[in-house]
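Here is a friendly briefing to read beside the model. Please keep the viewer open, and follow the strands, loops and surface spots as they come up.

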Amino acid sequence: MSPSISPSIPPADVGDLRQHVAGPVLTPQDDGYETETAAYNLATPIRPDVVVGAQDADDVAAAVAWAAAHHVPLGVQATGHGADVPMQGGLLISTARLQECTVDPQSRTARVGAGVRWRSVLEASVPHGLVGLSGSTTDVGVVGYTLGGGLPVLGRTFGFAADHVRSFEVVTPDGRRRAVDAAHEPELFGLLRGGKGNLGVVTAMEFELLPLDGLYGGAVIYPGAHAREVLTAWSRWTADLPESVSTSIALLRLPAMDIVPEPLRDRFVVHLRYACTAPAEEAERLLAPMRALPDPVMDTVGPMSYRDVDAIHMDPPVPIPYRETGRLLEDVDDDAVDALLAQAGPDADCPLALIEIRLLGGALSRAAEGTTDLVAGRDGRYVIGLVGLTVPPHGDRVPAAIEDVLTALGGHVSERTLVNFLGSVDGDEAFSRAWSSDAGSRLRAAKDAYDPENLLRFQHAVRP
Ligand SMILES: Cc1cc2nc3c(=O)[nH]c(=O)nc-3n(C[C@H](O)[C@H](O)[C@H](O)COP(=O)(O)OP(=O)(O)OC[C@H]3O[C@@H](n4cnc5c(N)ncnc54)[C@H](O)[C@@H]3O)c2cc1C
């Protein structure tokens, strides 16, 4: 913590903050503090000195200006899906009440407040045959996800979510409200797309919707005992898939919990995720090599509405305690499959609930023409994500198990990652992993300019 930042906040200053915002201003002693600070990741303590439940953009601007005037470090939370690093002290701005969500079918755009989850966008857009580029669960916040690049379920077809942003309304750490797009402050507009929450608090965002009248997708689940055969087949199959197909494969050790569908409860399985925008007949033909593998436990793949997109990845629908991290992966050849299965295959005593490998490439590798951004992972072939539940009896083994898998993968795994897949790491480490050296230098220079006091320092923030 820089010496100019006060370690805790005098009550009189909190009183001053209450004068300036309309929403609730709560300290740990106040009723409602726990609800206001609650995150999706139950393993991460989020304990600010004070939390503001912003009612509108004016509240956000007032809270940021107050933090700047009082030299108080500042965090922002919408849903807590990115709460990977503990927050102790400072001011947290909760954007959960910023729920504006409008869809314009004519211009094929949506405008959202900073607290909106993907689910709300799809409810408004799918009836018009339009979709936004959500990730594996529509429970995630649109703005936080997109600031981190946003790797969508349909990423290989349409690119990163950040590629489709039209404009942001943002409060920078000097308390100024700015409207930025390709024509107004284009440099800041580019830095926000992939720069995560480093340079300001976004209050609203406008982005393009894509025309899509449904897709062909779902899950095929195989017995864990067949992991080698399935992983090897997936690796060969993904070598030359068209851009209409986005897919991932996951080793799942599912707990005996009610949130897990009955046939999968307390089992080790391999989960193929398939999302194809080609016509159904073609999409079915493309999947055939994976469907030819023996003894699937479950096969839900077929024509579906994008509104049901969560059924493809089947992420936990309720908050859970976990530790996670992710890295770009160079390849999934036989050697990589051997290394992975030695650590996490059917015969391994592995405490990780999920190890997922997503295929990148296609439209994800192309930046929107004539733009600059900080989106990480355009050059990646795959990204691997590792998640362990931090509950007994295996929770304390999770951090070492994550490291063991990454170490075993050796040269197959990159030092780099996607910003949204950084997970439970500390700031400096995060900085070097999430952005290339060129992108990192640009972000650090921008941090010097927009946030010289390093007010925005929580979660995956770079240091000036
Ligand atoms: C179950 C699950 C599935 C996921 N699937 C995907 C996926 O498929 N693809 C993908 O790319 N990512 C995925 N993620 C990662 C997710 O996109 C990031 O964690 C993202 O930051 C979540 O945003 P949020 O606003 O919901 O979370 P929050 O925890 O509320 O916010 C996370 C961070 O985003 C930034 N932020 C949020 N709102 C603002 C704002 N208004 N202004 C400035 N900064 C802000 C801040 O740095 C904040 O700390 C997943 C995460 C989980 C837990």
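## Around strand β21

E324 stands opposite V387 in β21. This is a predicted model, so every position named here is best read as part of a prediction. The briefing begins with β21 and its partners, then turns to two open sheets, and ends with some backbone details and a surface patch.

**β21 and its two partners**

- Strand β21 spans residues 382-389 and is mostly covered, with eight of its eight residues buried.
- Which residues point each way from β21? Y382, I384, L386 and G388 point one way, while V383, G385, V387 and L389 point the other way, and all are buried.
- As a general rule, side chains in a regular strand alternate between the two faces of the sheet.
- β19 runs antiparallel to β21, and eight bridges join the two.
- Strand β20, residues 354-359, also pairs with β21 in the antiparallel sense, here over six bridges.
- Within that pairing, I357 is found opposite I384 in β21.

**The open sheet of four strands**

- Four strands form an open sheet with mixed pairing, and their order is β1-β3-β6-β4.
- Why is one side of β1 and of β4 left without a neighbour in the sheet? β1 (25-26) and β4 (74-77) stand at the edges and have a single partner strand each, so one side of each has no neighbour there.
- The partnership of β4 with strand β6 (residues 91-94) is parallel and extends over four bridges.
- One position to look up is Q77, whose bridge partner in β6 is S94.
- Helix α3 (residues 57-70) packs on this sheet, where it touches β3 (50-53), β4 and β6.
- The direction of α3 makes about 170° with that of β6.

**The open sheet of five strands**

- In this open sheet the five strands follow the order β7-β8-β12-β10-β11, and the pairing is antiparallel.
- Which strands form the edges? They are β7 (101-104) and β11 (177-181), each of which pairs on one side only.
- From one strand to the next, the twist averages 10°.
- Strand β8 (residues 109-113) pairs with strand β12 (residues 201-208) in the antiparallel sense, over five bridges.
- A110 has F207 as its bridge partner in β12.
- β10 and β11 are likewise antiparallel partners, over five bridges, and E169 stands opposite A179 in β11.
- The hairpin of β10 and β11 has five residues between the strands, and G175 takes a positive phi near 90° in this hairpin.
- The covered face of β11 holds R178 and V180, whereas R177, A179 and D181 make up the uncovered one.

**Helices lying across the five strands' sheet**

- α3 appears again here: it lies across β10 (165-171), β11 and β12, and it runs at about 140° to β12.
- Helix α4 (residues 118-125) lies across β7, β8 and β12, and it runs at about 35° to β7.

**Backbone details worth a look**

- R108 is not a glycine, yet it has a positive phi of about 55°.
- The place of R108 is the loop between β7 and β8.
- Is R108 buried or partly exposed? R108 counts as partly exposed because its relative accessible area is 44%.
- K196 is another residue other than glycine with a positive phi, in this case near 55°.
- K196 sits in the loop between α7 (186-195) and β12.
- K196 has a relative accessible area of 19% and therefore counts as buried, as the cut-off for buried is under 20%.
- The peptide bond that joins P392 and P393 is cis, with omega of about 5°.
- P393 belongs to the loop between β21 and α12 (398-409).

**A nonpolar patch on the surface**

- Which residues form the nonpolar patch? M257, I259 and V318 do, and together they have about 210 Å² of accessible area.
- Among them, V318 is in the loop between α10 (310-313) and β19 (322-329).
- V318 has 36% relative accessibility and so counts as partly exposed.

Technical notes:
Residues are numbered from 1 along each chain as its sequence is written. This is a predicted model: local features need pLDDT of at least 70, side-chain atom pairs count only at pLDDT 80 or more; totals for chains, interfaces and linings use all residues. Side-chain values use heavy atoms; hydrogens and water are left out. Two strands pair if DSSP finds at least two bridges between them. Contact means heavy atoms within 4.5 Å. Axes are lines fitted to C-alpha atoms, for helices over the stretch in contact, and angles run from 0 to 180 degrees between N-to-C directions. Patches are made of residues with over 30% relative accessible area and no salt bridge: like charges are joined within 9 Å, nonpolar side chains (Val, Leu, Ile, Met, Phe, Trp, Tyr) within 5 Å. Accessible areas come from the Shrake-Rupley method with a 1.4 Å probe; for residues, only the protein chains shown count as cover. A salt bridge is a side-chain nitrogen of Lys or Arg within 4 Å of a carboxyl oxygen of Asp or Glu. Buried means under 20% relative accessible area, exposed over 50%, partly exposed in between (1.4 Å probe, protein chains only).
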